[in-house]
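Subject: Model handover

Hello,

Here is the structure I promised you. Please open it alongside this message; my notes follow below.

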Amino acid sequence: MKAIIIVILSLTGGMVSFAQTPGGIERKQLFDYNWKFKLGDDSLAKLKNFSDTDWRSLDLPHDWSIEGKINPKNPTGGAGGYFPAGIGWYRKTFNAMPAWKGKSVSIYFEGVYMNSEVFINGKSLGVRPYGYSSFRYDLSPYLDFSKENVIAVRVDNSQQINSRWYSGSGIYRHVWMNIANPLHIADWGVAVTTPQVSSKQASVQVKATIKNETAFSQSIAVNTRLLSGRFKDAGNNMMRLTLPAYSEKEITQTIKVSNPLLWTPETPNLYQAQIQVSKGNELADEMKTTFGIRSLKFTAERGFQLNGKTVKISGGCAHHDNGCLGAAAFDRAEERKVELLKAAGFNAVRTSHNPPSEAFLDACDRLGLLVIDEAFDGWRIGKNKHDYSVYFDKWSKLDLETMVLRDRNHPSIFMWSIGNEVVERNKPEAVVTAKMLAGTVKNIDSTRPVTSAIVKWGNDWESLDSLMAVHDVCGYNYQLKSAPADHERVPSRVIFQTESYPRDAFANWKLVQNNNYIIGDFVWTAIDYLGESGIGRWYYSGDVPGEHWENDFFPWHGAYCGDIDLTGWRKPISHYRSLLYNNKEKLYMAVREPKPEPLEIKETWWSVWPTWESWTWPGFEGKNIDVEVYSKYPKVRLYLNGKLLGEKSTTENQEYKATFSVPYVSGNLKAVAVENDKETETAVLQTSDQAAKIKLIADRKEILANGQDLSYVRIEVTDKDGVIQPNAANRLNFNIEGPGIIAGVDNADIKDTDPYTGNSRKAWHGQAMIVIRSTHNAGDIKLTVTSVDLSEATLAIKAIGN
């Protein structure tokens with residue numbers, strides 16, 4: 001019997017804060033502010049004395065593609081959402097502080113898309129092709145302490161098409177300056193595991209790599225202290241050692257934690273670790289980080305066990321973009337994405353098909369969302385001319401090592417993925433490559449299983465057995481129906497579905513529930529995204545037919561296969577999926593869009609029938625409209641204007657669904673759950689009158705005045721009584737007063753090519769969204785939204801100082 005037993009305590013790598021080194025210098029300093037940017041190429045821009053006075057000033061993170069016009073002539077094509085790409089330069093002028101002399105100074109980029117080259121005072125520090133890899137460069141030999149210094153970054157995203165989805169362009173994640181003493185903890189040099197975890201005690205093993213970059217042997221002490229919530233001491237360990245000149249050493253410390261608070265998606269308990277390196281009475285380096293204690297185990301007999309309890313995965317795939325913000329990884333945008341996934345009932349996410357931002361993983365740790373961290377989309381054989389296959393042989397090992405080293409201490413991560421639908425999957429060399437990649441992961445972290453997403457169309461699925469055997473857990477794309485037969489053939493195989501069609505929610509749920517060796521399902525996708533234009537679309541008779549890879553469907557410039565749309569609205573399929581997997585949601589009602597006769601509605605592979613929270617269908621009076629009720633109650637009743645239309649069973653045999661065909665009459669439509677012959681929970685849809693008002697709903701009315709914090713404001717067009725008018729398509733105009741700017745606007749209509757960075761947007765199905773970004777000034781921000789024939793609406797948001 002093959003079993004993978006994993007017990008880990010994790011240090012959340014992105015949630016690290018550094019104490020001040022001797023002299024009062026912050027160990028890690030945000031380097032996002034006051035950059036210069038210009039779209040276009042100029043080889044002289046790398047030079048220190050180059051004049052950038054006419055360049056645009058901006059703060060990071062930044063994505064120039066989202067600022068451009070959506071145009072069918074743009075080289076990114078439907079894959080990239082028809083957004084512009086090209087080449088851009090960034091420059092930042094700064095002073096090297098006198099206190100930095102004699103220290104190790106490096107610059108750290110969390111992500112630059114793509115083909116970046118970084119210069120310091122005209123000197124090239126290196127190139128990094130893969131746009132999702134984090135990287136750092138040593139600046140110490142090149143700093144000028146008598147004059148200003150200039151960091152210049154060339155970003156080349158001109159070689160298109162290089163991605164099957166929207167990538168964005170630019171320095172779209174954070175940049176940091178790291179200043180450390182010559183005697184310090186190595187970057188990504190901490191790894192923590194626990195050989196044993198129980199409710200009574202956890203054995204915590206902390207490994208730390210200490211570097212001595214001085215010309216002398218150093219006798220040091222390393223003290224690791226663990227703190228629980230509210231900074232209660234959970235244990236500590238002291239170790240003394242001697243490091244020769246210009247050397248490094250990995251040390252191991254073991255600490256017992258009594259009565260540990262375990263990390264789960266429901267209770268994402270986090271601790272804090274403090275690691276200090278001292279020489280005599282002098283503190284040389286200190287690192288603080290959060291971590292979570294939990295154990296993992298994978299077997300065919302009991303599936304996936306978290307802390308000894310079997311957990312079924314209700315997962316979703318998610319690309320890295322943030323809708324109207326493009327690829328820009330603002331901390332709040334990344335956190336909100338996790339909030340949306342949690343609210344939709346997901347307990348896991350697959351970061352398809354690349355490592356995510358550190359802020360995203362931090363939020364998963366903090367809020368409780370399991371993560372499959374995925375390295376890249378393919379291996380040596382490409383899916384597009386300029387994709388990762390061009391770089392695989394030279395860069396894949398380093399990129400994979402970077403992902404695992406950076407992310408290995410996040411408690412949310414429970415699997416590593418080494419690829420997705422690799423083209424060469426049926427060739428013997430694919431097995432060799434998979435072994436190499438899995439070995440690369442295991443050399444750094446042997447505590448989590450390795451997986452990848454495998455697909456095969458045709459009747460020779462068994463031919464992939466040799467490739468699957470290299471994996472600890474096998475990911476099936478759209479092939480979960482093959483799992484029962486595979487289990488008969490390979491009983492030890494642990495299986496999950498890495499991608500699935502949204503419409504197959506019930507069938508997949510049933511397979512997961514009824515078979516221990518199937519640990520879960522990840523729908524494609526959890527959230528709509530830009531690029532891969534047209535996937536998930538439905539269309540009408542006379543429109544261009546086919547799937548998203550068969551034709552050009554402009555103005556479609558994104559994917560509509562998500563459970564959640566680009567504004568954060570949960571589609572009916574989201575409520576249905578959550579109802580299957582969770583007990584929090586037990587009744588929901590929506591209406592299937594009626595066919596606009598004589599036209600018909602056509603579906604595609606990743607679509608579901610267009611279904612809306614609406615009982616406002618002018619022009620369909622007297623015609624039958626299908627009303628869907630999803631229910632975990634045994635029966636439901638449907639009322640229209642107080643009159644009972646019928647009662648239907650909603651048990652598992654009915655897939656927890658009831659469909660009523662109702663002649664349309666405006667008014668009040670009410671679904672009522674029935675249990676033990678008693679009416680309980682209700683769901684109501686009310687016909688809306690003419691659009692009259694604008695309603696503004698902010699997710700946060702206080703934001704930090706740090707130039708990066710965000711408030712998402714939902715806009716609803718309603719009738720005079722406050723009922724959303726779902727057919728409203730009014731042009732909405734936005735005005736901001738005070739210390740805030742418009743970061744993005746959206747309405748979830750992936751056929752609307754209006755700019756995502758404008759001050760105007762049409763409502764779609766009566767809704768839209770504006771994202772407000774803080775400046776560096778505190779004060780009151782006033783948003784005013786106007787539209788012809790609608791009453792004006794205002795909203796106040798306060799920007800508070802750090």
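The side chains of aspartate 407 and arginine 406 are joined by a polar contact of 2.5 Å. Keep in mind that this is a predicted model. Aspartate 407 belongs to helix H3, which covers residues 392-407. Its relative accessibility is 0%, so aspartate 407 counts as buried. Beyond its neighbours within four places in sequence, aspartate 407 is in contact with Leu361, Asp373, Ile413 and Trp416.

Histidine 62 is another buried residue, at 5% relative accessibility; the cut-off is under 20%. Histidine 62 sits in the loop between strand S6 (56-58) and strand S7 (86-94). Its side chain makes a polar contact of 2.7 Å with the side chain of tyrosine 90. Leaving out residues up to four places away in sequence, histidine 62 touches Phe37, Arg56, Glu67, Tyr90, Ser169, Gly170, Ile171 and Tyr172.

Helix H8 spans residues 572-581. How many of its residues are buried? The count is 10 of the 10, so H8 is largely enclosed by the rest of the structure. Among the buried residues are His575, Arg577 and Tyr581.

Now the cavities. Rolling a probe the size of a water molecule over the atoms shows where empty space is left. A search of the whole structure turns up 9 cavities of 30 Å³ or more. The second largest has a volume of about 220 Å³. Its lining is made up of 23 residues. Which of them lie nearest the centre of the second largest cavity? They are Asn162, Ser163, Asp377, Asp387 and Tyr388. By class, the lining of this second largest cavity has 10 nonpolar, 9 polar and 4 charged residues.

Next, a strand. In a regular strand the side chains alternate between the two faces of the sheet. Strand S43 (residues 693-698) has a covered face with Ile694, Leu696 and Ala698. The uncovered face of S43 carries Lys693, Lys695 and Ile697. S43 pairs with strand S45 (residues 710-718) over 6 bridges, in the antiparallel sense. Within that pairing, leucine 696 of S43 stands opposite isoleucine 715 in S45.

Some backbone points to check. Most residues other than glycine have a negative phi, and most peptide bonds are trans. Here are the exceptions I noted:

- Glutamine 160 to isoleucine 161: this peptide bond is cis, with omega near 5 degrees. Isoleucine 161 is in the loop between strand S12 (149-157) and strand S13 (175-180).
- Phenylalanine 554 to proline 555: this peptide bond is cis, with omega near 15 degrees. Proline 555 is in the loop between strand S32 (539-540) and strand S33 (558-559).
- Tyrosine 246: phi is positive, about 50 degrees, although this residue is not a glycine. Tyrosine 246 is in the loop between strand S17 (233-243) and strand S18 (247-258). With a relative accessible area of 61%, tyrosine 246 is exposed.
- Aspartate 677: phi is positive, about 65 degrees, and again the residue is not a glycine. Aspartate 677 is in the loop between strand S41 (668-675) and strand S42 (678-686). Buried or exposed? Aspartate 677 is exposed, with a relative accessible area of 64%.

Best wishes

Notes
Residues are numbered from 1 along each chain as its sequence is written. This is a predicted model: local features need pLDDT of at least 70, side-chain atom pairs count only at pLDDT 80 or more; totals for chains, interfaces and linings use all residues. Side-chain values use heavy atoms; hydrogens and water are left out. On a 1 Å grid over the protein atoms alone, a cavity is a set of points where a 1.4 Å probe fits but cannot get out, and a pocket is an open set with protein on both sides within 12 Å along at least five of seven lines; lining residues have an atom within 4 Å of a point. Grid points are joined across faces, edges and corners, and a volume is the space filled by probe spheres set on the points. Ala, Val, Leu, Ile, Met, Phe, Trp, Tyr, Cys and Pro count as nonpolar, Asp, Glu, Lys and Arg as charged, and the others, Gly among them, as polar. Helices (H or I, at least four residues) and strands (E, at least two) are DSSP runs, numbered from the N terminus. Buried means under 20% relative accessible area, exposed over 50%, partly exposed in between (1.4 Å probe, protein chains only). A polar contact is a pair of N or O atoms within 3.5 Å; within protein, one must be able to donate a hydrogen and the other to accept it, and residues adjacent in sequence count only if both atoms are side-chain atoms. Contact means heavy atoms within 4.5 Å. Two strands pair if DSSP finds at least two bridges between them.
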